[in-house]
Each structure stands twice: as C-alpha cells, then as structure tokens.
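Got your viewer open? Here is a walk through one model, stop by stop, with a note on what to select each time.

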Amino acid sequence: MRRTTVESEPRGPIEARLVGWRIRPFTFGLFGALGVLVALLIGSLVDKLATVLVYIGIALFLALGLDPVVRAIERRLPRPAAVAIVVAGVLLAFAGIVLAIVPVLVQQVTNLIDNGPQMVSDVMASDWYRQLSAQFGSSFEDAAGQALSFLQDPANLTQIGGGIVAVGAGIAGGVTGMTIVLILTLYFMASLRGMKRLAARFVPAYQRARFTEVLEEISSAVGRYVIGQASLALINGVLSLIVLSIIGAPMPALLALIAFIGSLIPLVGTLSASIVNSLICLIASPVTALIAFGYYLVYMQIEAYVLSPRIMSKAVAVPGAIVVIAAVAGGALGGVLGALVAIPVAASIIIIVQKVIFPSQDAKRLPPAKV
C-alpha cells in the first residue's frame, strides 16, 4: 500500500506569501505599532514647532510678495543691489510705522485711561443718554454707574494693571515674532532664486522646464496679490487717519491702524474694521460715529467698484465664488492668517490645474490598454 505524503508548504507563490503573513503576525503588529508611534512623534514635533512653521510661512509669503518689486528694480540694477534697496525700504517703512504710531498710541491710550471716568460722566450727562434712559428705563443708568464705579475703585486698578502687564507681554511677544518674520523675509528674498532652483532639482530632468514655468507663475501670482492687498490696506489706513482726525474721532491713529489691518483680510476685513471704528467713535459722540459709519459705507463702495478692480485686476484671476469659498475655508482652518493666504493658495491651485492637470488629461486621446 502506497503512503500518501502531505506537503507542509503550499506550491504557489501567492499561497507562500499568505503563509508568510500567517507565521509572522507578531512582526507585522510590531511594525504597525512602531509606525503609529512615529506618526505620533511627528505630530508632536509639528505641534511644538507650529509657531516656527507659521513664522516661516509668513516670511515666505512676504518674500514672494516683495519679489516683483525686486524684479522691477533688477531691470536697471544687479539683483544684490535691488535686494538691498528693497531691504532698506522695508526697514525704513517698519521703523517709520513704529515711530509714527507707537508714541501716539501710548499717549492716546494713556489719555483714555486717565479720562475714562470723566468720559463716562459726560456720556451720562448728555442729552441722547437722557432720552434713552427716559425711553428704556434705568438699565442704561445702572450700566453706566457700574462702569464708573469700577473705574473709580482703587481695588480694580490692580486687575487693570495686571491686564496691562499681560497685554504688554503679548505686545513684546508680537514684536519678537515680527522681528523674526522680518529677518526670515530678508533671507528668503535674497535667496529666492536659489530656493526655486533647489526645488526644481527634486523633479525629474525631463519635467524641470515645465515645473519651473508653473512655479514662476505661482510665485508671480502670490506676489501680485500681496502687493495689491497691501496697497488697498494702505489706502484705507491713510484715508481713515485723515477723515477720523478731521471729524474728531478718539484715537485716530489706533483706528487707522485697525482699518489698515482689517483691509489686509479679504472680504470681511474692511467691513469688520469699519464697524469696530464706528463703535469706538461713539466715545466722542453719536454724531461722530454716524459720520464715521457713513464715510466707511462710501469708502467700501469705492473700494469694491473702483479701487479693487483697478489694483487687483492683474493680481489673481480667481472666480468670485472661489474667492468667497477660499476665504471662508481659510478663516475656519487658520484664522486671520488662513484668510490672508487662502486666495493666493486658491490661485496657485487654479494655475496647477490649468497648466498641469488639464494638459495631461487633454493628451489622453485613447483609453488605456487592457492587460
């Protein structure tokens, strides 16, 4: 009688592979656990370096924004000289803003703190306050009385002082961050071409020309957008300073700074800053606040239909619906910074789609061959 033998291993390569997976479950689980630990470690490092990464992103964004200015000067001077001129201009502008605004802000905030109780008393003695109190009851009087008693109570001065110290520490941290961003911007601006060449080295040689072309278009779009948005913000800040000073608004330098920063944020920035400035103008009088609100209504129409089309027409060609979606999504993901970079990111994606994805799809004339 012939004895049949049972083979201990399967014959096919697929079956052998399956057996290999069955006999090594511990190894598979160990490598999986190590992969999870590495992912957690990378996430922890990114979380700890979030501030540094934000600084790098802002500096790169600003360097791309200043690059068109460097290129314009480079037509007549060598690039090192053009970079030096732009660097000097940025430093002078930064120093000028600090020297022009900071002393005024300190003086006006000090005056506001010193005159706070008197301002509350003047508001309570005004005719419009009496009319509102007569119409709506004693709620306004109670609120004003509580505000006045809080400002006049010496025990609350310690809390106010602690808050001022915290605000001062925050301002010091902000100045440090601005200094780091400024230094990184200068380095990135000086070595931007080298960075682009280095990025092209990661692409295969037969695709570098196309990659370089797309990269140049993206950097130009970002640069034009930064210059256009900064120009709109500067116009709003200067006009706000002039108009608010004429109508006697409180702290016009601070309000102009708010208008400038607000205009840097697309879509909702100008409107939000206008509402905030108009409400602050209530400290002076309702008439001043009404005049400020009317000015901002007129300015927003001029910006939307005259200034923005002329300045931003060559900046980024992004459809209006995508602008709204990008700004809202960027604000939800990254706050103010996300809203700032959302539109140039959307423009970059559109350029990639038009220059890379669409030509690749148009070149596919035949269906793929069946294996």
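Start by selecting Tyr 225, which is buried, with a relative accessible area of 3%. Here buried means under 20% relative accessible area, exposed means over 50%, and partly exposed is in between, using a 1.4 Å probe and protein chains only. Tyr 225 sits in helix H10. Now add Ile 343: the two residues are 118 positions apart in sequence, yet their C-alpha atoms are 8.4 Å apart in space.

A word on what you're looking at: this is a predicted model, in which local features need pLDDT of at least 70, side-chain atom pairs count only at pLDDT 80 or more, and totals for chains, interfaces and linings use all residues. Residues are numbered from 1 along each chain as its sequence is written, and side-chain values use heavy atoms, with hydrogens and water left out.

Next, zoom out to the whole chain. You'll find 14 helices and zero strands; both are DSSP runs numbered from the N terminus, helices being H or I with at least four residues and strands E with at least two. Of the 371 residues, 27% are buried. Taking contacts (heavy atoms within 4.5 Å) with a separation of 6 or more, 68% are between residues 24 or more positions apart.

Now select residues 208-247, which is H10. This helix has 40 residues and reaches 58 Å from its first C-alpha to its last, close to the 58 Å expected at 1.5 Å a residue. That expected span is 1.5 Å times one less than the number of residues. Step just past the end of H10 and you reach Gly 248, with a positive phi near 80°.

Keep H10 on screen and add H3, residues 50-74. How do the axes of H3 and H10 cross? They come within 7 Å and cross at roughly 90°. The axes are lines fitted to C-alpha atoms, for helices over the stretch in contact, with angles from 0 to 180 degrees between N-to-C directions. H3 and H10 are therefore roughly perpendicular to each other, a label for angles of 65 to 115 degrees, while under 35 is roughly parallel, over 145 roughly antiparallel and the rest oblique.

To see where these helices meet, show side chains. Among the residues in this contact are Phe 61, Leu 64 and Arg 71 in H3, and Glu 216, Val 222 and Tyr 225 in H10. So the buried tyrosine from the start of the tour, Tyr 225, is part of this meeting place.

Stay with Glu 216 and Arg 71. They form a salt bridge, the closest N and O atoms being 2.6 Å apart; the term means a side-chain nitrogen of Lys or Arg within 4 Å of a carboxyl oxygen of Asp or Glu. Glu 216 lies in H10 and Arg 71 in H3, so the pair ties together parts that are 145 residues apart in sequence. Glu 216 is partly exposed at 27%, and Arg 71 is partly exposed too, at 30%.

Move on to Glu 74. Which side chains meet Glu 74 in a salt bridge? One is Arg 79, at 3.3 Å from N to O, and another is Arg 193, at 2.9 Å. Arg 193 lies in helix H9 (residues 192-201) and Glu 74 in H3, so this pair ties together parts that are 119 residues apart in sequence. Glu 74 is buried at 18%, as is Arg 79 at 12%, whereas Arg 193 is partly exposed at 42%.

For the last stop, select Asp 67, Arg 71, Glu 74, Arg 79, Arg 193, Lys 196 and Glu 216 together: salt bridges link them in a network. The structure holds seven salt bridges.
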